[in-house]
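Thank you all for making the time this morning. I would like to walk through one chain with you, and I will go slowly so that we can look at each part together.

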Amino acid sequence: MNSKIYLSSPHMGSSELSYIQEAFDTNWIAPIGPHVDGFEDNLAIYLSDEVHVGALSSGTAAIHLALVLLGVVQGDEVLVQTHTHIASANPILYLGATPVFIDSEIDTWNLCPIALEEAIVDRIAKGATPKAIIAVHLYGVPYKIDEVRTVADKYGIPILEDSAEALGSSYKGQKCGTFGDIGVLSFNGNKIITTSGGGAIVTKTAMQKDRAVFFATQSRDAAPHYQHSEIGYNYRMSNICAGIGRGQMEVLDDHVALRRKMHAFYVDLFKDIAAVTVFEAPNDDYFANYWLSAITIDAQLTNGVDRETLRLTFEAANIESRPLWKPMHLQPIFSMYPYYGKKVAETLFEDGLCLPSGSNLTDAERERIAAVVRGFFVE
Ligand SMILES: *Cc1c(COP(=O)(O)O)cnc(C)c1O
């Protein structure tokens, strides 16, 4: 059996181990230390000189603290893209708030500005202005930044930008992670760079970052003893993980280029297969890191052959592929919450498939993928 080809696996550069060694040599084996500071600086410099970055234990933790910073409390409503990873929505429940799910639009597969405004108008009519909008750059393709911002500002609702999948993407030359009132990154094992597990919060002021770090370290008040007046969390990043992150920052731009090369490979592979559309950013304003390359299959053009048949064919060849995110409003845990939109996200879930996209795939592995595709779509 050929070795398994994964959707997206960790890809180390050449200096991660020396950063870890340095942490051991200096005994900074703790959720604090020079690598944490250094990684935060690397990220802030990479993103923009207008932001501040706090390194945390996960992207989920970052979303949780971002909601806390935006003042979300029990009983509030939070608008969130339905087509996403569950970590975009779970922290709303951690706070006892109510998620309100919004459909995608077809150009970016992200938050539909029209459904978003319909939802806001209806929620206000029903009695409460939503507290925040969680917008996601799925698969590294930026959401409709200008349109979503226009709606958010019209109703005075802050944007939590879930950029977990979009480090290295940009819109009109500005880096993803810097568009929200607060931004969030993830360095989970499958992301474009990884610290094994980790995340970050991106804020506009140093004060907000300090607040986030305060919450992330048990909300400890200034006192010689342990004194607490607010709810706290244990969400800081380990100095070891941050060391991996510093090494990964050295290869981030290479990873972006290699993921984009994988995407170009799929565009070429499927160019003569009418039933398949490779997901692409809508125009040159959008620069996608293509964290994952994804396709949709029009089963009407394939005599009923659908993405599940293709997925199983890949699986038989020991190649991982995966349906697009199942919409949150269809998840059993969220079935009782409001939903606004049509069936864009549902249709994407039915027809869409993510394909192996790692920056570490070899020519031989690309050839194995191509052979499955050519065998599958023989006329
Ligand atoms: C991965 C991911 C997260 C969560 O990040 P973790 O670091 O795994 O907690 C949040 N949102 C999206 C869209 C993601 O893909």
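Let me begin with a small question: is Ser293 buried or exposed? Before I answer, please keep in mind that what you see is a predicted model. With a relative accessible area of 1%, Ser293 counts as buried, and its place is in strand 12, which runs over residues 293-297. If we set aside residues up to four places away in sequence, Ser293 touches Met262, His263 and Tyr266 on the one hand, and Leu353, Cys354, Leu355 and Ser357 on the other.

Let me step back to the overall layout. The domain assignment divides the protein chain into domain 1, residues 16-251, and domain 2, residues 253-378. The C-alpha centres of domain 1 and domain 2 are 26 Å apart, and 47 residues of domain 1 are in contact with 38 residues of domain 2.

What lies between them? The largest nonpolar core has 63 residues, and those with the most contacts inside it are Leu43, Leu116, Tyr139, Leu167 and Phe187. Helix 2, residues 34-47, gives the most to this core, namely six residues. Because domain 1 and domain 2 both give residues to this core, it lies between them. There is also a second, separate core, of 31 residues, which includes Ile63, Ile134, Phe215 and Ala216. As general background, nonpolar side chains tend to be buried together in soluble globular proteins.

I would like to stay with Tyr139 for a moment. Tyr139 lies in the loop between strand 4 and helix 6, and it counts as buried because its relative accessibility is 0%, where the cut-off for buried is under 20%. Leaving aside neighbours within four places in sequence, Tyr139 is in contact with, among others, His83, Trp109 and Glu165, and also with Phe279, Asn289, Tyr290, Trp291 and Leu292. Its backbone deserves a careful look too, since Tyr139 has a positive phi of about 55° although it is not a glycine. For context, most residues other than glycine have a negative phi. Gln218 is another residue other than glycine with a positive phi, in this case near 70°. Gln218 is found in the loop between helix 7, residues 206-216, and helix 8, residues 239-249, and at 39% relative accessibility it counts as partly exposed.

Now to helix 6, residues 145-155, in which Ile145, Val148, Val151 and Ala152 are buried. Why do we speak of one side of helix 6 here? These buried residues cover an arc of only 140° around the axis, which puts them on the same side of helix 6. On the other side of helix 6, Thr150 and Lys154 are exposed. What covers the buried residues of helix 6 includes helix 5 (113-125) and strand 4 (132-136), together with strand 5 (159-162) and strand 6 (170-171). Helix 6 is followed by Gly156, whose phi is positive, near 65°.

I have kept the annotated position for last. In the unreviewed UniProt entry, the annotation "active site" covers Lys191, and the annotation "modified residue: N6-(pyridoxal phosphate)lysine" in that unreviewed entry covers Lys191 as well. Where does Lys191 sit in the chain? Lys191 is found in the loop between strand 8, residues 182-186, and strand 9, residues 199-203. At 11% relative accessibility, Lys191 counts as buried. Not counting residues up to four places away in sequence, Lys191 touches Ala164, Glu165, Ser186, Arg259 and Trp291. For one of these, Ser186, there is a polar contact of 3.5 Å between its side chain and that of Lys191.

That is where I will stop, and I am happy to go back to any of these places on the screen.

How values were computed: Residues are numbered from 1 along each chain as its sequence is written. This is a predicted model: local features need pLDDT of at least 70, side-chain atom pairs count only at pLDDT 80 or more; totals for chains, interfaces and linings use all residues. Side-chain values use heavy atoms; hydrogens and water are left out. UniProt positions are given in the numbering used here, feature names are shortened, and annotations may be inferred rather than shown by experiment. Helices (H or I, at least four residues) and strands (E, at least two) are DSSP runs, numbered from the N terminus. Buried means under 20% relative accessible area, exposed over 50%, partly exposed in between (1.4 Å probe, protein chains only). Contact means heavy atoms within 4.5 Å. A polar contact is a pair of N or O atoms within 3.5 Å; within protein, one must be able to donate a hydrogen and the other to accept it, and residues adjacent in sequence count only if both atoms are side-chain atoms. A nonpolar core is a set of buried Ala, Val, Leu, Ile, Met, Phe, Trp, Tyr and Cys residues joined through side-chain atoms within 4.5 Å. Domain bounds come from an automatic or database domain assignment. The arc is that of the directions from the helix axis to the C-beta atoms.
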